[in-house]
Amino acid sequence: MAWMIGATQGGLASLASYLAAHVLLCLVPAFFIAGALSALVPQQSIIRFLGPDAPKWVSYPAAAGAGSLLAVCSCTIQPLFAGIYKKGAGLGPAVTFLFFAPAGNILALSYTGVALGADFAIARIVLALSFGIGIGLIMATLFRAGETARLADARTFAGGEAIPARTLLFLAALIALLLAGTLKLDFLATGLLAVELPWSGARAVQGVLDQWVPINAATGAEGLSLQGAMLILLLGGIGACAWRGLGTVDNGFNRLTPVALALTALTLIFAALGMRAGEQGVVLTVTGRSLAVALLCCALLPLARRFDAWDVQQWLWETWRFVKQIFPLLIVGVFLVGVIRVFIQPEWIRTVAGSNTVLANLAGVVFGVFMYFPTLVEVPIAKMFLSLGMHPGPLIAYLMADPELSLQSILITAAIIGKLRAWTYVGLVALFSTLAGLTYGAWVDGASWVLLGIAVVGFVALIVGTLHLTERRQNA
């Protein structure tokens, strides 16, 4: 009974910490971006750059380039992945986008370089780029028949349809909102104004929250702040209003629609504020981030008015559809991660992953799946693993797998592209992450660059040859 209670508390603590610390400023804008991609971007525009008939030298770099701009984790990228996949992007480029955005975005790479060193950052970007394109090519080849059927209608489009300027500007504002809420830049974190609101019970409430959801750096538990608890309540209010305000907006705006949108903007602005329990009450700090988020939320209103009412309705309805499809799976997955993490002890790391073996690198991949941490959180956790004795090879395997694979992201990917394709993707990520760890670990241990180069080139040649033979048989 005691272990069941502990596991349940671990799951609830993981869920509370995640919702309070990560969902609002990254996942919420991502849902609105996905809805805009689905409702406002002409299908032919997606097909032109990421479709099955686009040249590979255009589609795959375009997918990786788009992913490099988004500081998102494997859960946040899911609605964006679903948006471009639904609009006619080929499976290969879409998978490259899905893989590269969490592991190879600018923020993750810069943070890796600062915390772990330039060697890890360089290895991460090279491996993420090559693996993302490689896995995308493999997936496109393996599932070519199914893709042909899925994209049959997309190929009937004639001519090119450019994305309207108003849509590009609107998407740019939404992406700027996501970046303003997630980038770790000094001018965004700088405090501009601090105000203390009287509340004698603030510290007592924070003490209770610390007991309910304690901070534990060893397991990655981030705790639950007073601000986080209030954000969870606001998130519940958004859901209650959006159920009808956005869920039925395709039939026309109703009185709950502006309420849901206003509450969403208010919640994002509040999430961007600094908040802590002070001596006499609650100290609220207006930062560059909160100012940027507030200005961008206000700017979205006149930009949205440039569209027809029908277009806005479709955007909001598509956004809510993505929320209904993805968010429940996210909740279940994060809870299960918290339950499993209770039973994994940090001291096991040195024993299992202290050397550059196949088993150790597989263990790094498993750590990435079952001890999943949101984007950027995996970097300090990786630093902890390194200090506890994890070999750099398995550490790279962990850094490759953690942003890509988690229980919740696997469930969501399966809902978007089907179970067979999703588990094929999982297997390829696990395989390539293990090979990345073995290669980097061998270099750290002093293996010759020449031998490593020959091994890598031979492996790439094997994959290219296999894909070529498979493609020839499919075309025969």
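# A guided tour, starting from Thr267

Begin by selecting Thr267 together with Leu24, Leu231, Leu234 and Ile238, the residues it contacts once neighbours within four places in sequence are left aside. What you have open is a predicted model, and the values quoted on this tour are computed from it. Thr267 has its place in helix H13, which covers residues 256-272. Is Thr267 buried or exposed? Its relative accessible area is 1%, which is under the 20% limit, so Thr267 counts as buried.

**The whole chain**

Before going further, show the protein chain in cartoon form, where 22 helices and 5 strands can be traced. Of the 476 residues in the chain, 53% are buried. The accessible surface comes to about 20900 Å², and carbon and sulfur atoms hold 70% of that surface. If you draw the contacts with a sequence separation of 6 or more, 83% of them turn out to join residues 24 or more positions apart.

**The sheet**

Select strands E1, E5 and E4 next, and you will find an open sheet of 3 strands, arranged in the order E1-E5-E4 with antiparallel pairing. Its edge strands are E1 (191-198) and E4 (274-277), each of which pairs on one side only. With direction ignored, neighbouring strands of this sheet are turned by 20 degrees against each other on average. Adding helix H14 (residues 288-304) to the selection shows what packs on the sheet: this helix touches E1 and E5, and its direction makes about 70 degrees with that of E5.

Now look along the pairing of E1 with E5 (residues 281-287), which runs in the antiparallel sense over 7 bridges. Within it, Val195 stands opposite Leu284 in E5, while Ala194 stands opposite Thr285, also in E5. How many of the 8 residues of E1 are buried? The number is 0, so E1 lies largely in the open.

Move across to strand E4 and pick Met275, which lies in it. Met275 has a relative accessible area of 17%, and because this is under the 20% limit, the residue is classed as buried. Not counting residues up to four places away in sequence, Met275 touches Leu226, Gln227, Met230, Phe270, Val282, Val283 and Leu284. A distance label drawn from Met275 to Thr285, C-alpha to C-alpha, should read 6.2 Å, for a separation of 10 residues in sequence.

**The aromatic cluster**

Turn next to the rings, of which the structure holds 8 aromatic pairs. In the pair of Phe32 and Trp315, the ring centres are 5.7 Å apart and the planes stand at 55 degrees, so the pair is tilted. This pair links distant parts of the chain, with Phe32 in helix H1 (residues 2-40) and Trp315 in helix H15 (residues 309-341), 283 residues apart. Both Phe32 and Trp315 are buried.

Keep Trp315 selected and add Phe170, with which it forms an aromatic pair that is edge-to-face, at 4.9 Å centre to centre and 85 degrees between the planes. Here too distant parts of the chain are linked, since Phe170 sits in helix H9 (residues 165-182) and Trp315 in helix H15, 145 residues apart. Phe170 is buried, as is Trp315. Which residues do the ring pairs link into a cluster? They are Phe32, Phe170, Phe307 and Trp315, and it is worth displaying the four side chains together.

From there, go to Arg321 and Phe322, and orient the view on the ring: Arg321 lies over the face of Phe322, at 4.8 Å from the ring centre.

**Ser433 and helix H19**

For the closing stop, select Ser433 in helix H21, which covers residues 419-444. Ser433 is buried, with a relative accessible area of 1%. Leaving aside its neighbours within four places in sequence, Ser433 is in contact with Phe131, Val365, Ala397, Met400 and Ala401.

Among these contacts, Ala397, Met400 and Ala401 can be followed into helix H19, where they are among the buried residues. Colour helix H19 (residues 392-401) by accessibility to see that the helix is mostly covered, with 10 of its 10 residues buried. Besides the contacts of Ser433, the buried residues of H19 include Pro392, Gly393, Pro394, Leu395, Ile396, Tyr398 and Leu399.

Methods
Residues numbered from 1 in each chain as written. Predicted model: local features only at pLDDT ≥ 70, side-chain atom pairs only at ≥ 80, totals over all residues. Heavy atoms only, no water. Phe/Tyr/Trp six-rings, centres within 6.5 Å; stacked < 30°, edge-to-face > 60°. Helix = DSSP H or I, 4+ residues; strand = E, 2+ residues; numbered from the N terminus. Buried < 20%, exposed > 50% of the residue type's maximum accessible area, 1.4 Å probe, protein only. Lys NZ or Arg CZ within 6 Å of the ring centre and 35° of its normal. Contact = heavy atoms within 4.5 Å. Areas by Shrake-Rupley, 256 points an atom, 1.4 Å probe, with all protein chains shown as cover. Pairing = 2+ DSSP bridges. Axes fitted to C-alpha atoms, helices over the stretch in contact; angles between N-to-C directions.
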